[in-house]
Amino acid sequence: VVLMYFLAALIVITVFALAASRSRFVPKGLQNLVETIVEFVRNDIALAIIGPDGRAWTPFLATLFCFILVSNLFGVIPFLQFPIMSRSGLPIFMAILVWIIFNVVGIRAQGLRGYFKNMLFPPGVPWLVYILLTPVEFISTIIVRPFTLALRLTANMIAGHLILTIFFLGTAYLVAQPLTIVWGGLSLGLSVFLVALELLVATLQAYIFTILTAVYIGGALHPEH
């Protein structure tokens, strides 16, 4: 699994390096693919969520999106067939990294006192509500947020890979029995459909992790939103 971590990172670095080394004014091929991904992250995630300040965060968010996507796609690549984000270690590390980043960004933008004041005591709320709201905000932002960010990614990749494993093992068993070979064909067709669904889930989970990261950074930079 650790070797696959390095392989995923190497793939992302190599693809971006090759695209940059062969750049043309009118992009095509690999450059076009990379520029499409970067523009998607910049326009639909960074700028849409963070605002004008999001342009500076595009490299980080694009790298995060691509690394998670490649890591998830390993689950449907022959001979690899393991989504490495289903191991909790790396998602937890990335979630903690995001947690450190948005807290540091918030403190730098608002000051230590202003950051925690805006987080724990949102303006326009009746003071009696703070009795309940303040501890909830502290627990959700400071304690729970990194765990939910990591758990969401890990659990979805575990579930998808487990379902694929069960269906393909079931297909192999049904095909091996003369009386159930027809059902084995139906199970194989459903398994192929689940592979396509897993590709969608792999992309969606990379998008969700990245967009939540942008939401947390945007909230730290602009507490009024």
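Is R113 buried or exposed? With a relative accessibility of 68%, R113 counts as exposed, where exposed means over 50% relative accessible area, buried under 20%, and partly exposed in between (1.4 Å probe, protein chains only). R113 sits in helix α5, and its C-alpha atom is 17 Å from that of Y130, a residue 17 positions away along the chain.

A word on the ground rules comes next. The model is predicted, so local features need pLDDT of at least 70 and side-chain atom pairs count only at pLDDT 80 or more, while totals for chains, interfaces and linings use all residues. Residues are numbered from 1 along each chain as its sequence is written, and side-chain values use heavy atoms, with hydrogens and water left out.

Now for the overall picture. The protein chain has seven helices and zero strands, so in order from the N terminus the elements simply read α-α-α-α-α-α-α. Helices here are DSSP runs of H or I with at least four residues, strands are runs of E with at least two, and both are numbered from the N terminus. Along its principal axes, the C-alpha trace spans about 70 × 50 × 30 Å. The chain has 225 residues, and 36% of them count as buried.

The surface and the charges can be put into numbers too. About 13,000 Å² of the protein chain is exposed, and carbon and sulfur atoms supply 76% of that area; accessible areas come from the Shrake-Rupley method with a 1.4 Å probe, and for residues only the protein chains shown count as cover. The chain carries 11 positive and 7 negative charges, and the mean positions of the two sets are 7 Å apart. Lys and Arg count as positive and Asp and Glu as negative, with His and the chain ends not counted; the place of a charge is taken as NZ of Lys, CZ of Arg, CG of Asp or CD of Glu.

Contacts tell how the chain meets itself. Among contacts with a separation of 6 or more, 65% come from residues 24 or more positions apart, a contact being heavy atoms within 4.5 Å. The largest nonpolar core holds 45 residues, and L61, I68, M85, M94 and F209 touch the most other members. Each of α1 (2–21), α2 (30–50), α3 (58–73), α4 (89–110), α5, α6 and α7 (181–221) supplies at least two residues of this core. Such a core is a set of buried Ala, Val, Leu, Ile, Met, Phe, Trp, Tyr and Cys residues joined through side-chain atoms within 4.5 Å. Take M94: leaving out neighbours within four places in sequence, M94 is in contact with L64, F67, I68, M85, L153 and F209.

Helices α6 and α7 offer a couple of close-ups. S191 belongs to helix α7 and, at 1% relative accessibility, counts as buried. Apart from residues up to four places away in sequence, S191 touches L164, F167, F168 and T171. The side chain of S191 also reaches the backbone oxygen of S187 at 2.8 Å. That is a polar contact, meaning a pair of N or O atoms within 3.5 Å; within protein, one must be able to donate a hydrogen and the other to accept it, and residues adjacent in sequence count only if both atoms are side-chain atoms. Over in helix α6, I163 is partly exposed, with a relative accessible area of 41%. I163 and E198 are 35 residues apart in sequence, and their C-alpha atoms are 9.5 Å apart in space.

The loops have their own details. F79 lies in the loop between α3 and α4, as does Q81. Phi of F79 is near 75°, a positive value in a residue other than glycine, and for Q81 phi is near 45°, again positive in a non-glycine residue. F79 is exposed, at 83% relative accessible area, whereas Q81 counts as partly exposed at 48%. F121 is placed in the loop between α5 (112–120) and α6 (130–176) and is partly exposed, at 39% relative accessibility. Its C-alpha atom is 9.9 Å from that of I131, 10 residues away along the chain.

Finally, H222 is found in the segment after α7. At 19% relative accessibility, H222 counts as buried. A polar atom of the H222 side chain lies 3.4 Å from the backbone oxygen of I50. Beyond neighbours within four places in sequence, H222 is in contact with I50 and D53.
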